[in-house]
Each structure stands twice: as structure tokens, then as C-alpha cells.
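Open the model in your viewer and set side chains to be shown as sticks. This tour goes from one charged pair to the next.

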Amino acid sequence: MPKRGRSNDANPLSSARKDAGSKTGANTNKAHQTALSLWHRKSGAGYHLFISYYGSQPMGVVANDADTSCNERFGSSIDGKVGGASKLNNNNNNSRGMSRAAKRRRQKKTSNPGEYDSQQQASNQHGDVIEFPPRQQMVATSHPLLLAYKSTDNHHPHLTRFIHALSRPLPLTLRFREHEQSTSSELKQLLSTNHSEHIVPVTYDPTTNIYQSAPNSSLCKSNLTKVSPKLKELIVAGSMDSTLARQELGSMLPVLCLRSVGAIKGGSKVLDLCASPGSKTLQALEIVSVKCNGKRGRVIANDVHSGRLDSLREAVVRSGLPESLTSRVTYTNYDASIFPAPKSGKLFDAIICDVPCGGDGTIRKDKHILPIWSPNISNAIHGLQLKILSRALELVKVGGVVCYSTCSLNPIEDEAVVSAALGRENDDATFELLDWPQDMLPGFIGRPGVTNWKVAFYDQDSVEKDEDDFGSLSFFDRYESALSAGSEDAKSTFWPNPKENKRMRIDRCTRLCPQDQDTGGFFVALIKRMS
């Protein structure tokens, strides 16, 4: 595969956000769009939209009845009507007539930014006492998402654990690298002897290569220096000498899954279609570089953004992996949706298809996601995701496997994309969704893919600036209804076909929910080419 540079520095997610923000009326000019975008960020609309959207989704998307716990005293309401427009109100009887700025000032006075909810037990809607592990009690009481949820007057009780998980800092997670020159045993011993109160192996990994902040520890990436300077020194040194990688659990899953189903192994030829920042590229490299029949495998690391590709190259150098491994990476700069077929004619053994996404599974570490959140972002990027997955399915060999993944929890970016890609007519190829490899991480909690979901649009022009509202979410049962209502950006592939989804076994996809293992959110689908 030849290297080839491109001058295209387009950022698909930035483009999707711009497209999402522009769906505010035909006469919207640039200045008006800028004003609306600023208002959206400053008002807290994104937090309320997020809660209303996921609270209106069927059980299984981000939560179910079993997640209803820790009911606290929440005030006010959110109206989430399905089938038309639902107004998101933040009316509080004690704040009528107050400006938004005044309400924010009062909110700051009544909540201490450094204060955490230390309640060790709570009651669910049935009155049962619910115990929480110590780290799960560390919810910042002033987190904007939690404050927005409290204003709903418990309108979406099944979201309680989900919202509380997202309102906590993300625990630190490490992965010990697996390669021939690894010296992980020495560092594992040091962690066990001197730092087990802060970081321990996760209980569901039989290899003990995945470590996470201990349940009783408040350790996260942002406070590592404060909590344990010596631990930070060990982690930094291990990151530079190829012993370990700072990598989240969700990010590890695609390569772990592909290896478990036999698609990635020593000598394999792997394509990472959207490779930056490079954690999955390096993880795959550790596996394929093991010699098979005297030959090492290769990873093709591709990214459409040349700047991100440069960052990926730097990450490979910083990993500390020996040159004998890093030389097995080939860098390419193509639009993933039109990635060229290998000139040799030999298709790929496995393809990592971790596409650009809205990223709402990363909100525990990225504070910039929720202030600008809108379902329109997922709607805008869905088409590109479908094109990239469709191209991946064309490039994988018969018997090979594509792992489609996102760090989004929105079905429009997840199951809807997989369903649409598998539903396209193709006389020359057949595909099958694979089950989650049960023996890979015994005790791991993954939720099945959903076969039904709701489609929403957000019209920011419906905001009445003199009222304390955040605009409206409009839910539509059918594609035709959305078009009739003026949602010109609607695509027929947004909507589920429950009967067809069951036939395709969309439930074999896997959802990683933050409340299950104290992680970020993630989505994984394993698709094998059968012919």
C-alpha cells in the first residue's frame, strides 16, 4: 500500500457540528448562527436536550428499569412528548422573572463547585435502600448535567444511575502492552506493592493487563499528580518505555474483540480506517507484529486529517515500541469513505472502523461535548459514518471481520448505521453480525444492541428568548413525517425497522454504559464477511 499525502484537512466532526447548527431556518445568516451557537453553549440547553433525548428513548438505549436508583429531591420538570414538539423548560417557582444570568449566579451560591454528594445510600422508587461503592458517591453536586437532571422533577427516573455516572470524573485506566520485549511484570509488582490503594487490575480481565482506579480511590487523570506523584512517575516512565498505555476501556474493545474472534493475530494485515490518535493502531500492532511463518503483520494507519496523522506518527514514536514493530505501520491520508483497494488485490484480514462521532460517550473527560450537544450532530454525521462502514465492508476479505465502533451512545450513529450498511443490496458479498466473544472478558457487562429507537430533531429557532426555555425536540415516527414537517436533513436510514433488525440480529452489537463498570460510553459491532 503506497503512502500518499492529501491537502484535505477537513474535520468531519467539526463539519457535522456546523451542519447541525445551521438547521435553524432557511433565512439564518452567519451572524445569527453565531449568536444562536453562543446562546446554546452559555444557556445550558445542551444538558437539557441530552436528558430529554435519552430520557425519551426506549429502555435499553442507555438505561433500563434496573437503573432506577438513588432518587433524590429533584425540582421542576421537563416535558418529553413523542410524536411532535417537546418543550424543555427550566421553570422554577422561586425563579420566575429572573434573568438567566441571575439564575446562574444564584445557582453558584447554592452549590459549592468542590462539594461532592457523600450520601452512602439512597432509596429507589420502590423504597429499597441502594448501596453505592465509595467512588460512585463522588458526584459533584454542582455538575451542570446533574443540576439539569434535578430540574426535571424525576421525570426520567430510569436515567438516575446513568446521569450520576456521567457526573463523576472518569477513573484512570491503563493497559499493559503485549509485545515480545515487554517488561510488564516488574511494573505490575510495583503497582501491587506500593499503589494498590489507588489502582488495581479490573476483575473481568483474566490477563491482568487492564488496570483501573481502585473502587475506594478518587484517582482520575486530572488529579494523578495530586493524589500520588510517585504513581505518576511510574506511569509516565512506563508509557515511554513501551510497558503500558493510558487507554480507556472502550478504546481497547475493538482490537480485543477482533483478536478474540481470530481476525487479528500474528502476521495479519489490518486497516485502521480512522486511526488518530493511534491507541488502537498501537494495540493492533503489538499483536500482528508477532512472527507467523517467519513474517510479521502490518497495520495501515489512515486518517483524513493530515494534522491528526502527524499526531499519530508522534504517538507511535512516544510509545517506546522498538523499531522492529513501529516499522510495520504504514501511514495513509485518505478520506475513509473512498479508501482505495490494495493494488495487490489482497483485501484486509481485519478492519478497525472507529468512525468520527458525536462523542457523547466521552463527556466524563471532555467537558466541551455537552454544552453544544444536540441530536442534530448525530443526524448530520450519520451519512458519513454509513459511507465509511460500507467502504470497510468492501475492503475486508471473505472470512475477515470489520469492527465498527463509536464513542457515542446515540442509536442514529450506532445501530442505525450498522442496520443500513447490512441492509444494502449486494449480490457479491454477504455479512453476519457476530456475537460478543464471551470468553474474552469474563464478568464484563455489555448491553445488547437495540432494535428500536426514536428519531429527533432540534429547531433552535423555536427558542423564545424572553421565556426560560431551551427550544424544542421534535420526534417523528416516520421519515415521511419528518420531511413533511420541514426536516430537510432527515434520511430514511435514521429510522429503525424492528422486524428487519431482529432478522439481522442487531442485538449482537454491544453497548458499554458508563454506570455498569464506571467507564465512558462506547458501541461495538463485529461484522464478518461470509462470501
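The stops below are salt bridges in a predicted model.

The count for the whole model comes to 20 salt bridges. Three of these pairs are visited here, and a network follows.

**Stop one.** Select Arg 447 and Asp 67. Their side chains meet in a salt bridge, with 2.9 Å from N to O. This pair links distant parts of the chain, 380 residues apart. Arg 447 lies in strand β16 (residues 447-448), while Asp 67 is in the loop between α3 (45-55) and β1 (85-89). Are the two residues buried or exposed? Arg 447 has a relative accessible area of 10% and is buried. Asp 67 is buried as well, at 1%.

**Stop two.** Select Glu 500 and Arg 503. The closest N and O atoms of this salt bridge are 2.5 Å apart. Both residues belong to helix α17 (residues 498-504); because they are three residues apart there, about one helical turn separates them. Glu 500 is partly exposed, with a relative accessible area of 28%. Arg 503 is exposed, at 56%.

**Stop three.** Select Arg 505 and Asp 507. Their side chains form a salt bridge of 3.0 Å, N to O. Arg 505 counts as partly exposed at 33% relative accessibility, and Asp 507 counts as partly exposed at 29%.

**Last stop.** Which residues are joined into one network by salt bridges that share partners? Select Asp 67, Arg 161, Arg 447 and Asp 516 together: these residues make up that network. Arg 447 and Asp 67 are the pair from stop one.

Methods:
Residues numbered from 1 in each chain as written. Predicted model: local features only at pLDDT ≥ 70, side-chain atom pairs only at ≥ 80, totals over all residues. Heavy atoms only, no water. Salt bridge = Lys/Arg side-chain N within 4 Å of Asp/Glu carboxyl O. Helix = DSSP H or I, 4+ residues; strand = E, 2+ residues; numbered from the N terminus. Buried < 20%, exposed > 50% of the residue type's maximum accessible area, 1.4 Å probe, protein only.
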